[in-house]
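Please load the model in your viewer and keep the selection panel at hand, as the tour below moves from one selection to the next.

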Amino acid sequence: MDLGVRWKLHGDGRTPAPGAVVRPDERLSWPRTVGLGAQHVVAMFGASFVAPVLMGLDPNLAIMMSGVATVIFLLATKGRVPSYLGCSLSFVGVAAVIRAQGGTSATVTGAVFVVGVVLFLVGVAVQRFGARIIHAAMPPIVTGAVVMLIGFNLAPVTASVYWPQDQWTALLVMLFTGLAVVCLRGFWSRVAIFLGLLFGYGISWLFDRVFGQIHSVDGAGRMTDHWRLDLSGVGKADWIGLPTFHGPSFQWSAILVALPVVIALVAENAGHVKAVGEMTGSNLDGKLGTAISADGIGSMLSTAVGGPPNTTYSENIGVMAATRVYSTAAYWCAAGFALLFGLCPKFGAIVAAIPGGVLGGITVILYGMIGLLGAQIWTKSGVDLRNPLNLVPAAAGIIIGIGNVTMKFTDTFSLSGIALGTLVVITGYHALRALAPAHLKTQEPLLDEGTSSYDEDASDGKPPAP
């Protein structure tokens, strides 16, 4: 059985020739491959550790299960699609809404477990019928609007929870992270979030020494005098140990809030497979369904033990683009590093000690970037917002999602924010399309440019028959 765990040595194993790439089934020497694996771990650190902290979940468990999910993904795709699966930021807003409704960590992971199940089933359907079913249900106008409202729904979390804890640190971290993203080049720009975290730690430590304790709200929302950077938990943590596990709890209200994220995850996976295919010069269209299913399985396994969901990471695409090394051997090494970090509670304690002001500065940029990915989907797909068929459902759904509008159906059941906004976008678009005059029903492209080869002839990564 071909599991994609055998690699040919590329050239002399040292440096790719000018213009050459190291393909997924190739590798450099093992010391260089291990080094590249460590680089992939660093690239995903910022988002993959910030996300579980923002969701209120164990960062040690998150990094451990990201390694497990990456292994599952590599085995499922037989080493054809190089990718690292880390904690998805798309669920941060979902977790905030569920907790605001009185939900616990078990409620959050239970809701996301169901999302993983649905994502797996979507992948199976794509394998069977082709990606045209995704386009039929979720054209770019719908996908972009849902991604946008998920990101912008998080704005109140930054404004009311993180930023007030230390506004000046938040401002400096925001400026530093923004400069790092724009001004740095190559690999360093890809780890700008991680660099922002390091800068925030340093500034918080310096401000504590220079100005003493700060009088502001703490992480629990209480107005107190407290240190910006509290590392007391780091000294108490063990060097080696298992992370904290817990089982999921299922509540319909929480599940309905989480389900819209399926749309964002499908879009992320489709974009990732297409991007890797273009960079490696391979037709990976037939692997889209497998990639989506593998993402679903990894998320199900992670949330079943109390971890966060996982998704393909664009940060690691950037590392591949910069190094021109697409070897899946490097990702196996990255998964191994992640498992080791997950077994170090002291490392998790350092992550859990991230000051609120630092998170405030980072999330201002991070949440906005998530929302604007929706606009990027519209731009790449050529969505015409002058067409009322596109404009009306997107406008209504986004305002509902951002404003957290609530529809109360009974004393025990209501829909609001992300869930209601997504429902309005999807049902509104399809209902209006059914009633709209013919001249408004223009044909939109599939998912993004160049995906027209997604059809029944595309299987196992082979080009469709002419």
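Begin by selecting aspartate 166 and arginine 228, both of which are buried; keep in mind throughout that the model is a predicted one. With the two side chains displayed, you will find that they form a salt bridge, in which the closest N and O atoms are 3.2 Å apart. Aspartate 166 sits in the loop between helix 7 (155-162) and helix 8 (167-183), while arginine 228 sits in the loop between strand 5 (223-226) and helix 11 (232-236), so this pair ties together parts that are 62 residues apart in sequence.

Keep arginine 228 selected and add aspartate 208, with which arginine 228 forms a salt bridge whose closest N and O atoms lie 3.1 Å apart. This pair, too, links distant parts of the chain, since aspartate 208 belongs to helix 10 and arginine 228 to the loop between strand 5 and helix 11, 20 residues apart. Aspartate 208 is buried, as is arginine 228. Showing the three residues together brings out one network, in which Asp166, Asp208 and Arg228 are joined by salt bridges that share partners.

Stay with helix 10 (residues 192-211) and move to leucine 206, which lies in this helix. Is leucine 206 buried or partly exposed? Its relative accessible area is 39%, and because buried means under 20% and exposed over 50%, leucine 206 counts as partly exposed. Now extend the selection to Trp205, Val210 and Phe211, which together with Leu206 form a nonpolar patch on the surface, with about 440 Å² of accessible area together.

For the next stop, select lysine 8 and aspartate 25, whose side chains meet in a salt bridge at 3.8 Å, N to O. Lysine 8 lies in strand 1 (residues 8-9) and aspartate 25 in the loop between strand 1 and strand 2 (26-27), so the contact ties together parts that are 17 residues apart in sequence. Aspartate 25 is partly exposed, with a relative accessible area of 36%. Across the whole structure, a search finds four salt bridges, including the one between lysine 8 and aspartate 25.

Finish with the cysteines, among them cysteine 87 and cysteine 344. Cysteine 87 is buried, with a relative accessible area of 0%, and cysteine 344 also counts as buried, at 15% relative accessibility. How many disulfides does the structure hold? The number is zero.

How values were computed. Residues numbered from 1 in each chain as written. Predicted model: local features only at pLDDT ≥ 70, side-chain atom pairs only at ≥ 80, totals over all residues. Heavy atoms only, no water. Patch = residues over 30% accessible without salt bridge, like charges linked within 9 Å, V, L, I, M, F, W, Y side chains within 5 Å. Areas by Shrake-Rupley, 256 points an atom, 1.4 Å probe, with all protein chains shown as cover. Helix = DSSP H or I, 4+ residues; strand = E, 2+ residues; numbered from the N terminus. Buried < 20%, exposed > 50% of the residue type's maximum accessible area, 1.4 Å probe, protein only. Disulfide = S-S within 2.5 Å.
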